[in-house]
Amino acid sequence: MEITFLGTGVAIPQKGRVQSGVLVEFEEKPLLIDCGSGVLNRILEAGVRHTEIDTVLLSHLHLDHVADLLCLVKANWLMGKTDMRVYGPEGTEDWLFDLLGLYEYILEEVDVKVIECSPGKEFVPEGFDCEISCAAAVHSVPTLAYRLMSGEGEIVYSGDTEPCRDVLDLAVEADLLIHECSFPAGMKVTNHTTPSTLSDMLDEYRDEIGSLCLTHFYPEMRGHEREAIYRLKGNFDGEIILAEDLMNLEL
Ligand SMILES: [Zn+2]
Ligand SMILES: [Zn+2]
């Protein structure tokens with residue numbers, strides 16, 4: 001299983017970080033998690049053909065996680081690839097088809113299927129040898145964390161969330177937890193994570209999760225990266241990684 005961070009930023013532009021997106025490849029077959037602005041171009045930069053992507057998991061519908069999805073559907077359609085399956089939380093179907101409905105010439109020619117998931121749902125995406133399960137994240141809109149389990153390894157993607165038990169429980173015995181870390185330690189925030197709020201909760205899971213990779217950085221995080229690792233190291237036994245756009249991890 002190869003994991004490529006396509007975008008590790010947020011809704012506010014930053015040099016070197018586009019909005020959210022993670023590509024997971026199973027024996028070269030790619031599955032995309034989230035598709036924020038800038039991700040379509042990063043797919044190319046990662047050396048993957050966008051037409052190979054026909055399965056997308058959305059954590060939630062905030063623009064920094066979905067803005068390039070229609071662009072991906074269009075780019076694929078222009079290249080003759082018309083089928084796509086999109087998994088996401090409640091509301092995904094209305095959101096996607098309301099927008100696609102504004103572009104009837106595309107809608108009429110593509111075969112996009114939306115599968116809405118609720119926390120606790122387990123499924124195997126068509127064409128993959130991988131089981132996926134969902135848990136509820138704590139964010140301002142319905143948000144799902146996903147666990148992807150294949151013979152090659154197991155990873156969890158938190159989506160946007162405050163640190164919460166449902167997401168950390170989902171990550172027990174996973175090889176890798178990709179967790180958002182929007183703001184630096186000590187900042188008072190809701191709906192998002194800081195190294196201090198995560199480390200408080202992580203203590204109980206310190207040896208139950210393989211490695212931890214932080215992503216989804218607001219500009220305020222710049223310059224506080226080492227401090228984030230220092231904070232979390234005290235409460236977590238595994239490796240702690242800071243995601244960068246186009247960084248690769250292999251399981
Ligand atoms: Zn976000
Ligand atoms: Zn969000």
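## Contacts and the overall fold

Two residues are in contact when heavy atoms of theirs lie within 4.5 Å. Keep that in mind as you look at this model, which is predicted. Take the contacts in the chain with a separation of 6 or more: residues 24 or more positions apart account for 63% of them. The chain is built from eight helices and 14 strands.

How does the radius of gyration fit with a compact globule, and what is its value here? A compact globule of 251 residues would come out near 18 Å, and this chain has 17 Å, so the two agree. Along its principal axes, the C-alpha trace spans about 55 × 35 × 30 Å.

## Inside, outside and charge

Of the 251 residues, 55% count as buried. The accessible surface adds up to about 10800 Å², and carbon and sulfur atoms hold 48% of that.

Now for the charges. There are 18 positive and 46 negative side chains, and the centres of these two sets sit 6 Å apart.

## Helix H3: mostly tucked in

What makes H3 a helix that is largely enclosed by the rest of the structure? Seven of its ten residues are buried, so the rest of the structure largely encloses it. The buried ones are Leu69, Leu70, Leu72, Val73, Ala75, Asn76 and Trp77. Just past the end of H3 comes Gly80, with a positive phi of about 85°.

## Helix H4: one face in, one face out

H4 covers residues 92-100, and its buried residues are Thr92, Trp95, Leu96 and Leu100. If you look down the axis of H4, these buried residues fall within an arc of 115°, so they line one face of the helix. The face turned away from that buried side carries the exposed residues Asp94 and Asp98.

What do the buried residues of H4 pack against? Their partners are three helices, H2 (63-66), H3 (69-78) and H5 (104-107), along with two strands, E5 (83-88) and E6 (111-116).

## Helix H7: another one-sided helix

In H7 the buried residues are Pro195, Ser196, Leu198, Ser199 and Leu202. Around the axis they cover an arc of only 165°, which puts them on the same side of H7. That buried set packs against helix H6 (165-170), strand E11, strand E12 (211-215) and helix H8.

Asn191 lies in the loop that runs between strand E11 (176-180) and helix H7 (195-202). Although Asn191 is not a glycine, its phi is positive, at about 70°. Is Asn191 buried or partly exposed? With 23% relative accessibility, Asn191 counts as partly exposed, because the buried class means under 20%.

## His60 and Asp34: a buried pair in contact

His60 sits in the loop between strand E4 (55-57) and helix H2. With a relative accessible area of 0%, His60 is buried. Leaving out residues up to four places away in sequence, His60 touches Asp34, His65, Val66, Pro89, His139, Val141, Pro142, Thr143 and Asp160. One of these partners, Pro89, is 29 residues from His60 along the chain, yet their C-alpha atoms are separated by 6.2 Å.

Asp34, another residue that His60 touches, is found in the loop between strand E3 (29-33) and helix H1 (39-45). Asp34 is buried too, with a relative accessible area of 0%. Its phi is near 65°, a positive value in a residue other than glycine.

## Two loop glycines

Where is Gly16? Look in the loop between strand E1 (2-7) and strand E2 (21-26). Not counting neighbours within four places in sequence, Gly16 is in contact with Arg42 and Asp245. From Gly16 to Val66 is 50 residues in sequence and 19 Å in space, C-alpha to C-alpha.

Gly238 belongs to the loop between helix H8 (225-233) and strand E13 (240-242). Its relative accessibility is 15%, so Gly238 counts as buried. Setting aside residues up to four places away in sequence, Gly238 touches Arg206 and Gly210. Ile53, in turn, is 185 residues from Gly238 in sequence and 31 Å from it in space, C-alpha to C-alpha.

Notes:
Residues are numbered from 1 along each chain as its sequence is written. Chains are lettered from A and ligands numbered from 1 in the order in which they are written. This is a predicted model: local features need pLDDT of at least 70, side-chain atom pairs count only at pLDDT 80 or more; totals for chains, interfaces and linings use all residues. Side-chain values use heavy atoms; hydrogens and water are left out. Helices (H or I, at least four residues) and strands (E, at least two) are DSSP runs, numbered from the N terminus. The radius of gyration is taken over C-alpha atoms; the globule rule is 2.2 Å times the number of residues to the power 0.38. Buried means under 20% relative accessible area, exposed over 50%, partly exposed in between (1.4 Å probe, protein chains only). Accessible areas come from the Shrake-Rupley method with a 1.4 Å probe; for residues, only the protein chains shown count as cover. Lys and Arg count as positive and Asp and Glu as negative; His and the chain ends are not counted. The place of a charge is taken as NZ of Lys, CZ of Arg, CG of Asp or CD of Glu. The arc is that of the directions from the helix axis to the C-beta atoms.
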